[in-house]
Structure formats: C-alpha cells, structure tokens
Amino acid sequence: MDMIACVVLVDSEGRLLLQLRDGAAMYHPNMWGLPGGHGEPGETPEQTAERELWEETGLAADGPLRPLAVQELPELDRVKHYFLGTTRARQEDVVLGEGAAMVFVPGDQVLDGRPWTPGTVAVLTEFLASPEYAASIGRAATGPAQPAGGRQSA
C-alpha cells in the first residue's frame, strides 16, 4: 500500500489548516483535504508529514508532530497516517506551495459541506469531538461533531 501522511495543524485560536486541491491535482482534484502527501523511499510517516507540511505551506509545527490516526483505504491501495501539530502561525504566514488555497478554518465551519478527500471526514469528525481539541480552544467536549451535509467522503 502507498503511504500517505497528513497534518491536522491547529492554530492558537483552534482553527484548522485546510487545503483546497486544484483542478490539476492527479488525485482528488477540486476537493478539500489536509496538508500532506505521498512518502518518499526511506521516509517514515512522520518525516513525510513534516516535509509535506513545509513544501505545501512554508510552515513547521511549533513542536513535534503527534500521531493522531492511521487509516487503511484498501480501495485506493493506500494507508493514511494523520499527525497533529500546533502553530502560532497566522494566515498571512502561510505560503501556498501546492493547491488552489490553504486556509485556517474555525472548527465549527470545517465540516460545512465541502467535498473532502477520502477518509478525511471520519478523522476530522473524531478529532473535532475530542477532549484534546476542546482543550486547545478552552472548552469542554460536547459530543461528536456532525458533518453539515454535502459531498463528503467518510
């Protein structure tokens, strides 16, 4: 299986960095996803996540990335590794290195019906409902976040 690594990057206000893939993307054009991509030979998933975050955004997390989830997508012959990172960066610090847009989005607007790359909605839904995310924005977890509809892939 091909190894993919993605980063859920959360800023100091609890916003998540999302990428709109452009129409020329080889996989999943015009869909929303997270900074990340395919591993290179000899890379660990964490190294891939760090490299892809830098290449696509010009950002590095403020500390070590933490494993968040591993997701097998056999229908795509891929395994996706998700990592969590925090940043003090602001929107104006983001350098668009790949895709049509790279924006910080408030947590309550992340699952607003936009089309997502395969597997991403499931991971984000769980993360947004987690005590770890609630702590990052200074509130108690209130239960699972619910997608607002739209063409989302689980």
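# Note on salt bridges, strands and cores

1. The side chains of Arg90 and Glu92 come together in a salt bridge, with 3.3 Å from N to O. The model is a predicted one. Arg90 is partly exposed, because its relative accessibility is 46%. Glu92, at 58%, counts as exposed.

2. How many salt bridges does a search of the whole structure find? The search gives 10. Another of them joins the side chains of Arg114 and Asp112, at 2.9 Å from N to O. Here Arg114 counts as buried, at 13% relative accessibility. Its partner Asp112 is partly exposed, at 42%.

3. Helix 1 covers residues 45–57 and holds both Arg51 and Glu55. These two residues are four apart, which is about one turn of the helix. In an α-helix there are 3.6 residues a turn, so residues three or four places apart point the same way. The side chains of Arg51 and Glu55 do meet, in a salt bridge of 3.2 Å, N to O. Arg51 has a relative accessible area of 16% and is therefore buried, the cut-off being under 20%. Glu55 is partly exposed, with 42% relative accessibility. The pair also belongs to a network of salt bridges that links Glu40, Glu43, Arg51, Glu52 and Glu55.

4. Strand 2, residues 16–20, is mostly covered, with four of its five residues buried. It pairs with strand 7 (residues 101–105) in the antiparallel sense, over five bridges. It also pairs with strand 3 (residues 32–33), again in the antiparallel sense, over two bridges. Gln19 can be used to find both pairings in the structure. Opposite Gln19 in strand 7 stands Met102, and its bridge partner in strand 3 is Gly33.

5. Is Leu20 in strand 2 buried or partly exposed? Leu20 counts as partly exposed, because its relative accessibility is 22%. The cut-off for buried is under 20%. Leaving out residues up to four places away in sequence, Leu20 touches Asn30, Met31, Trp32, Gly99, Ala100 and Ala101. Asn30 is 10 residues from Leu20 in sequence, and the two C-alpha atoms are 6.4 Å apart in space.

6. Leu18 is another residue to look at. With neighbours within four places in sequence set aside, Leu18 is in contact with Trp32, Gly33, Leu34, Ala101, Met102, Val103, Val105, Val110, Arg114 and Trp116. One of these contacts, Arg114, is also the partner of Asp112 in a salt bridge.

7. Strand 5 (66–73) and strand 6 (78–87) pair in the antiparallel sense over seven bridges. Within this pairing, Ala69 has Tyr82 in strand 6 as its bridge partner. The two strands form a hairpin with four residues between them. One residue in the turn, Asp77, has a positive phi of about 55°.

8. Why is helix 3 (residues 120–128) described as largely enclosed by the rest of the structure? Seven of its nine residues are buried, so the description follows from that count. The buried ones are Thr120, Val121, Val123, Leu124, Thr125, Phe127 and Leu128. The cover over these residues includes strand 1 (2–11), strand 2, strand 5, strand 6, helix 2 (107–110) and helix 4 (131–136).

9. In soluble globular proteins, nonpolar side chains tend to be buried together. The largest nonpolar core in this model has 20 residues. Those with the most contacts inside the core are Val8, Leu16, Leu18, Val110, Trp116, Leu124 and Phe127. Strand 1, strand 2, strand 6 and helix 3 are the elements that give two or more residues to this core. Helix 3 gives the most, with five residues. Apart from this core lies another, of 15 residues, which includes Leu9, Leu59, Val94 and Phe104.

Conventions: Residues numbered from 1 in each chain as written. Predicted model: local features only at pLDDT ≥ 70, side-chain atom pairs only at ≥ 80, totals over all residues. Heavy atoms only, no water. Buried < 20%, exposed > 50% of the residue type's maximum accessible area, 1.4 Å probe, protein only. Pairing = 2+ DSSP bridges. Contact = heavy atoms within 4.5 Å. Salt bridge = Lys/Arg side-chain N within 4 Å of Asp/Glu carboxyl O. Core = buried A, V, L, I, M, F, W, Y, C linked by side-chain atoms within 4.5 Å.
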